[in-house]
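Colleague: Can you talk me through the charged pairs in this one? I'd like to hear the reasoning behind each label.

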Amino acid sequence: MNSVRSLVNELEYLRQMELVDSIQLIDYGKYTLKARIFIYSDLFIQVYRNDKFNTTNFALILGNQRIYGRDELGGEWHRHPFDAPNTHDCSQEGQQSVTLLEFWEEVEQIIEDNF
């Protein structure tokens with residue numbers, strides 16, 4: 001599902017989105033990717049992928065605080081809900097794997113409902 005290569009392709013697609021101000025590649029290598037998708041100067045999505053360890057992290061950051069996220073560790077997913085971002089939602093919905101584009105859709109809904 002998620003890989004460094006697929007995430008780079010999804011980042012290129014997201015560059016066209018109206019809400020996206022800019023995209024910053026922080027680290028990009030054969031097995032790892034770290035990027036930020038800026039919506040506003042203090043609101044962005046942080047993207048991390050490590051293909052060697054099958055780890056993916058998507059986090060919506062406001063200021064310096066995660067306000068929503070989804071993490072994959074060794075193929076197992078959990079969610080950090082918007083109403084309680086410091087908790088782990090391991091329900092069936094929380095364990096659902098997501099692509100960056102699917103996470104983007106969730107973020108768009110959060111922004112529409114809360115900002």
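Colleague: Why is the contact between Glu 106 and Arg 70 called a salt bridge?

Modeller: In this predicted model, the closest N to O distance between the two side chains is 2.9 Å. The cut-off is 4 Å between a side-chain nitrogen of Lys or Arg and a carboxyl oxygen of Asp or Glu, so the pair qualifies. Glu 106 sits in helix 2 (residues 100-114) and Arg 70 in strand 5 (residues 65-73), so the bridge ties together parts 36 residues apart in sequence.

Colleague: What makes Arg 70 buried?

Modeller: Its relative accessible area is 0%. Buried means under 20%, so Arg 70 counts as buried.

Colleague: And how do you know that Arg 79 forms a salt bridge with Asp 89?

Modeller: Their closest N and O atoms are 2.4 Å apart, and the limit is 4 Å, so that one passes too.

Colleague: Are Arg 79 and Asp 89 buried or exposed?

Modeller: Arg 79 has a relative accessible area of 16% and Asp 89 has 15%. Buried is under 20%, so both get that label.

Colleague: What makes Glu 93 and Arg 79 a salt bridge?

Modeller: The N to O distance is 3.6 Å, which is within 4 Å, so the label holds. Glu 93 lies in the loop between strand 6 and helix 2, with Arg 79 in strand 6, so the pair ties together parts 14 residues apart in sequence.

Colleague: Why is Glu 93 called partly exposed?

Modeller: Its relative accessible area is 34%. Buried is under 20% and exposed is over 50%, so Glu 93 falls in between.

Conventions. Residues numbered from 1 in each chain as written. Predicted model: local features only at pLDDT ≥ 70, side-chain atom pairs only at ≥ 80, totals over all residues. Heavy atoms only, no water. Helix = DSSP H or I, 4+ residues; strand = E, 2+ residues; numbered from the N terminus. Buried < 20%, exposed > 50% of the residue type's maximum accessible area, 1.4 Å probe, protein only.
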